[in-house]
Amino acid sequence: MNTTLKKLKDIISDCCVTITLQTHRTLPDNEKDPILLKNLIKEAHARLQESCGKSLVKVVMDKLNTLAENIDHRHNLESLILFANEDIADYTRLPIVVENRVVIDKTFATRDLIRALHQESSYYILVLSRDRARLIEALNDKVTKEIEKGFPVNSDLNPAQRSEAAIGNRQTNLLMEFFNRVDKQLNEVQKEKSLPVIVCTEESNYPEYLKIADRKEIITGKLNGNRMQDKAHHIVDLAWPVIKQLNKEKNNQRLAELHIAVNSQNFLTDFNEIWQAVNGGRGKTLFVKKGYFQPARLENNSIELITEENSVNSNVDDIIDEMIEKNLDLGGDAVFINGEELDKFQGLVLVTRY
């Protein structure tokens, strides 16, 4: 996902087509996904004919149709995004809900990729006992995979040594050595893909493991109990509420930052003021209400908002997407908020650096 974003975000051409659609993971619902995609491609064709030359339309549509033909909808997640212009044709699946829409602009609409990176939760679950360790990679409430490179880690303790290590609260050097081996292997996995870790273990093991952990900062929570024999998806079902609570706390912290900025008057809500601030490198955090899109006409670096009914008059399908990308390019970030917290700002507010 991050690789796709890096590849696409700086591309500029006359006809960049982005198609986003909601999809389904299972039968029979995912049988409807190709039909929806076909209809959105038809919409893209009609709009391209209005805005691009005939030869360019043919090149882009050929790429788009070939791309669509190669998508196996049996592997769909919650959404699908297609990107095509005269040089590029690519797609990605996302585990987030999106709106069905076609965006044609001089750049690709990467907003949903950014939202997925910021809003969705990838994490590891280290399933730990005194003689064995498993590592599960998860995304939200779904198993991504069980890590096989270097895992499971099994203890070299013989039955008598295991019994000794388990007596009362005494932890032997052999047991701590095993935990250390597990931690070293976890850190090797982190070199390839760094994610936060939930430790699933008996309560007495957790503080002992923390004593030897080289990178305590990546351990974000714990799940009590010996789940070594459980299926991976059962363990993820138990870990997901822990992750959701952590995400809620993180979201509340970001909203607290917004309240501080409002009290100190370091915020903007006017679209033109936000645009100027972002382009001038003054943007710190752009808070966006989830699902808020705004077509606009951008001329001479000035924004004119366009109603959805008059979107034919726009030359930017979603000015918020442009703001997000520009702010990220210049060192800012974006926060996507559910609920009503941003309603008093009409769904968009920029916290400025000064």
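Is Phe 179 buried or exposed, and what is its relative accessible area? Phe 179 is buried, with a relative accessible area of 0% (buried means under 20%, exposed over 50% and partly exposed in between, using a 1.4 Å probe and protein chains only). This is a predicted model, where local features need pLDDT of at least 70 and side-chain atom pairs count only at pLDDT 80 or more, while totals for chains, interfaces and linings use all residues. Residues are numbered from 1 along each chain as its sequence is written, and side-chain values use heavy atoms, with hydrogens and water left out.

**Aromatic pairs**
- Four aromatic pairs turn up in a search of the whole structure (ring centres of Phe, Tyr or Trp, the latter by its six-membered ring, within 6.5 Å; planes under 30 degrees apart are stacked, over 60 edge-to-face, the rest tilted).
- Phe 83 and Phe 108 make an edge-to-face pair, because their ring centres are 5.6 Å apart and their planes meet at 85°.
- Phe 83 belongs to strand β2 (residues 79-84) and Phe 108 to the loop between β4 (101-105) and α4 (111-119), so this pair ties together parts 25 residues apart in sequence (helices, H or I of at least four residues, and strands, E of at least two, are DSSP runs numbered from the N terminus).
- Phe 179 and Tyr 209 are also edge-to-face, since their centres lie 6.2 Å apart with planes at 75°.
- That pair links helix α6 (residues 173-192), home of Phe 179, with helix α7 (residues 205-212), home of Tyr 209, across 30 residues.
- Tyr 209 counts as buried at 0% relative accessibility, and Phe 178 joins Phe 179 and Tyr 209 in one aromatic cluster.

**Around Phe 83**
- Phe 83 is buried too, with a relative accessible area of 0%.
- Its contacts (heavy atoms within 4.5 Å), not counting residues up to four places away in sequence, include Thr 4, Leu 8, Val 17, Asp 90 and Phe 108.

**Charges over rings**
- The charged end of Arg 111 sits over the ring of Phe 293, 4.3 Å from its centre (NZ of Lys or CZ of Arg within 6 Å of the ring centre and within 35 degrees of the ring normal).
- Lys 222 lies over the face of Tyr 206, 5.5 Å from the ring centre.

**Aromatic neighbours of empty space**
- Phe 108 reappears among the residues lining the largest cavity, together with others including Arg 101, Val 103 and Glu 322 (a cavity is a set of points on a 1 Å grid over the protein atoms alone where a 1.4 Å probe fits but cannot get out; lining residues have an atom within 4 Å of a point).

Conventions. 1 Å grid on protein atoms, 1.4 Å probe; cavity = no way out; pocket = protein on both sides within 12 Å on 5 of 7 lines; lining within 4 Å.
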